[in-house]
Amino acid sequence: MISEFTRTAVPQLVGHELEFSKSQHEENFHSLHEAESVIREELEELEEQAEVCRKLFEDLHSDTRQDDKAGAVINAKYLEGSAVYAAYEAIQLAAMCLKLVEMSDET
């Protein structure tokens, strides 16, 4: 279950990321093909980070099976950091999808 704060904050973060993207790059994508390429790149980065999370969880699981609390804690710390980075990637992905939607609204 997601807290109401997070439910409200994430769309705001997506909006901020979209505005940052527009300030760093173009206001709109040059074409539908460019939009698709950028969205694919963001999705691939998210998938890569999710895979890192999966591997860290497997290590945590192994530590838990061996009753290695210190190892599990270390892996949990790495997993937390990796999950946060995955959230960054997910926010960027959502922002680029929104950028495409806005582009279609303008035409």
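Colleague: A pocket is an open set of points on a 1 Å grid where a 1.4 Å probe fits, with protein on both sides within 12 Å along at least five of seven lines. With that in hand, how much space lies in the largest pocket here?

Modeller: About 260 Å³. Please keep in mind that this is a predicted model.

Colleague: Noted! Which residues lie nearest the centre of that pocket?

Modeller: Ser21, His25, Val38, Glu42 and Met96 lie nearest the centre, out of 16 residues in the lining. The elements that give two or more residues to this lining are α1, α2 (32–65) and α3.

Colleague: Let's take α1, then. How many residues does it have, and how far does it reach?

Modeller: Helix α1 has 21 residues, and from its first C-alpha to its last it reaches 31 Å. That is close to the 30 Å expected at 1.5 Å a residue.

Colleague: Which residues of α1 are buried?

Modeller: They are Ala9, Val14, Leu18, Ser21 and Lys22. You've met Ser21 already, among the residues nearest the centre of the largest pocket.

Colleague: A lysine on that list caught my eye. Why does Lys22 count as buried?

Modeller: Lys22 counts as buried because its relative accessibility is 11%, and the cut-off for buried is under 20%.

Colleague: Which residues does Lys22 form salt bridges with?

Modeller: One partner is Glu19, at 3.8 Å from N to O. Another is Glu27, where the closest N and O atoms are 3.6 Å apart.

Colleague: Where do Glu19 and Lys22 lie?

Modeller: Both are in helix α1, three residues apart, which is about one turn of the helix.

Colleague: And are those two glutamates buried or partly exposed?

Modeller: Partly exposed: Glu19 has a relative accessible area of 46%, and Glu27 comes in at 47%.

Colleague: Which residues make up the network of salt bridges?

Modeller: Glu19, Lys22, Glu27 and Glu102 are linked in that network.

Colleague: How many salt bridges does the structure hold?

Modeller: Five. One of them joins Glu4 and Arg7, with the closest N and O atoms 3.9 Å apart. Glu4 and Arg7 both belong to helix α1 (residues 4–24), where three residues, about one turn of the helix, separate them.

Colleague: Are Glu4 and Arg7 buried or exposed?

Modeller: Glu4 is exposed, with a relative accessible area of 56%. Arg7 is partly exposed at 48%.

Colleague: While we're on Glu4, what separation is there between its C-alpha atom and that of Lys69?

Modeller: Their C-alpha atoms are separated by 32 Å, and the two residues are 65 apart along the chain.

Colleague: New topic: the surface. Which residues make the nonpolar surface patch?

Modeller: Val84, Tyr85 and Tyr88 make a nonpolar patch of about 290 Å².

Colleague: Where is Tyr85 found?

Modeller: In helix α3, which covers residues 69–106.

Colleague: And why can Tyr85 take part in a surface patch?

Modeller: Tyr85 is partly exposed, with a relative accessible area of 40%, and patches are made of residues with over 30% and no salt bridge, so on area Tyr85 passes that cut-off.

Key:
Residues are numbered from 1 along each chain as its sequence is written. This is a predicted model: local features need pLDDT of at least 70, side-chain atom pairs count only at pLDDT 80 or more; totals for chains, interfaces and linings use all residues. Side-chain values use heavy atoms; hydrogens and water are left out. A salt bridge is a side-chain nitrogen of Lys or Arg within 4 Å of a carboxyl oxygen of Asp or Glu. Helices (H or I, at least four residues) and strands (E, at least two) are DSSP runs, numbered from the N terminus. Buried means under 20% relative accessible area, exposed over 50%, partly exposed in between (1.4 Å probe, protein chains only). Patches are made of residues with over 30% relative accessible area and no salt bridge: like charges are joined within 9 Å, nonpolar side chains (Val, Leu, Ile, Met, Phe, Trp, Tyr) within 5 Å. Accessible areas come from the Shrake-Rupley method with a 1.4 Å probe; for residues, only the protein chains shown count as cover. The expected span of a helix is 1.5 Å times one less than its number of residues. On a 1 Å grid over the protein atoms alone, a cavity is a set of points where a 1.4 Å probe fits but cannot get out, and a pocket is an open set with protein on both sides within 12 Å along at least five of seven lines; lining residues have an atom within 4 Å of a point. Grid points are joined across faces, edges and corners, and a volume is the space filled by probe spheres set on the points.
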